[in-house]
Amino acid sequence: MRLLLVEDEKRMAQALCEILRQEKYDVDHYADGLDGLYAVETGVYDLVILDVMLPRKNGFEIAQEARKKGIKTPILMLTAKSELDDKVTGLDCGADDYLTKPFMTMELLARLRALGRRNINTPDGTLTFGDITLNKDTSMLICGENSVRLSEKELRILEYLIANQGQILTREQLAVKIWGYDSDTEYNNVEVYMSFARKKLNFVKANTEIKAVRGIGYELRYDHV
């Protein structure tokens, strides 16, 4: 699961990044509010941890602007302020939950797990679209009585496409989501793993397809037969 942390307190950011990576989150960190907003607006993250007091643009503004642009990524807001008005302001600006500093690590992780479950996961932790089911725990792609195990990249590609069903995802978005900002991944790598994912869909005889939209990117479509 890819997570964005926007926090300008250096020591706290370093500690949080270490804890989250130990919990198997892929974490990107920004200390500047404006950079954080640009990152949120890419739409490639599954969760966002957002501090309120930031340089150039505060957390309230980031959440509000992201929501206005249609970004639905769950946001957990961190604040050193415990006043009720600040909590209400954060929620009204688009945050899904908040934690007041200082907080316990166990509570932070529990709230992140809860926010992660709010997406399109079914109660048993699977994802569905059209005639396919994706079991993230076992990395299995299932269609009717057919199933096949996915590689890590194939799983993440299909998970991202299902999470953004109805949208066209660009090659850049997919590259960042699957390989990360610091990766030197070229767009042809995206093409290669898209081909692998398509073969797995064909193997389970799914009517769900990954469609290439010329000059833009990819989207997931279900052909009713």
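In strand β12, Tyr218 turns up as the bridge partner of Ala212. That pair is a handy way into this predicted model, since β12 (residues 217-222) runs alongside β11 in the antiparallel sense, with 6 bridges between them. The two strands belong to an open sheet of 3 strands, ordered β10-β12-β11, in which the pairing is antiparallel. At its edges are β10 (169-170) and β11 (208-213), each of which pairs on one side only.

What lies across this small set of strands? Helix α6 does: α6 crosses β10, β11 and β12, and runs at about 75° to β12. The helix covers residues 152-163, and Glu154 is found in it. Is Glu154 buried or exposed? With a relative accessible area of 5%, Glu154 falls under the 20% cut-off and so counts as buried. A polar atom of its side chain lies 2.9 Å from the backbone nitrogen of Ser151. Once neighbours within four places in sequence are set aside, the residues in contact with Glu154 are Arg149, Phe196, Ala197 and Lys200.

The other sheet to look at has 5 strands. It is open too, with the order β2-β1-β3-β4-β5, and here the pairing is parallel. β2 and β5 (97-100) take the edge positions with a single partner strand each, so one side of each has no neighbour in the sheet. From one strand to the next, the twist averages 20°.

At the β5 edge, the pairing with β4 is parallel and extends over 4 bridges. Leu78 has Leu99 of β5 as its bridge partner, and Leu76 stands opposite Asp97, also in β5. In a regular strand, side chains alternate between the two faces of the sheet. β5 shows just that: Asp97 and Leu99 point to one face and are buried, whereas Tyr98 and Thr100 point to the other and are not.

Helices come into the picture here as well. Helix α2 (residues 33-41) lies across β1, β2 and β3, and its direction is at about 160° to that of β1.

Then there is helix α1, made up of the 13 residues 10-22. How far apart should its ends be? At 1.5 Å a residue the expected span is 18 Å, and the end C-alpha atoms are 19 Å apart, so the two values agree. The buried residues of α1 are Ala13, Leu16, Cys17 and Leu20. Viewed down the helix axis, these buried residues fall within an arc of 100°, so they line one face of α1. The spacing makes sense, because an α-helix has 3.6 residues a turn and residues three or four places apart point the same way. Turned away from this buried side is a face carrying the exposed residues Arg11, Glu18 and Gln22.

What do the buried residues of α1 pack against? Their partners include the strands β1 (2-6), β2 (26-30), β3 (47-51) and β4 (75-79), along with helix α5 (105-116). After α1 comes Lys24, which has a positive phi, near 75°.

Definitions and conventions: Residues are numbered from 1 along each chain as its sequence is written. This is a predicted model: local features need pLDDT of at least 70, side-chain atom pairs count only at pLDDT 80 or more; totals for chains, interfaces and linings use all residues. Side-chain values use heavy atoms; hydrogens and water are left out. The expected span of a helix is 1.5 Å times one less than its number of residues. Buried means under 20% relative accessible area, exposed over 50%, partly exposed in between (1.4 Å probe, protein chains only). The arc is that of the directions from the helix axis to the C-beta atoms. Contact means heavy atoms within 4.5 Å. Two strands pair if DSSP finds at least two bridges between them. Axes are lines fitted to C-alpha atoms, for helices over the stretch in contact, and angles run from 0 to 180 degrees between N-to-C directions. A polar contact is a pair of N or O atoms within 3.5 Å; within protein, one must be able to donate a hydrogen and the other to accept it, and residues adjacent in sequence count only if both atoms are side-chain atoms.
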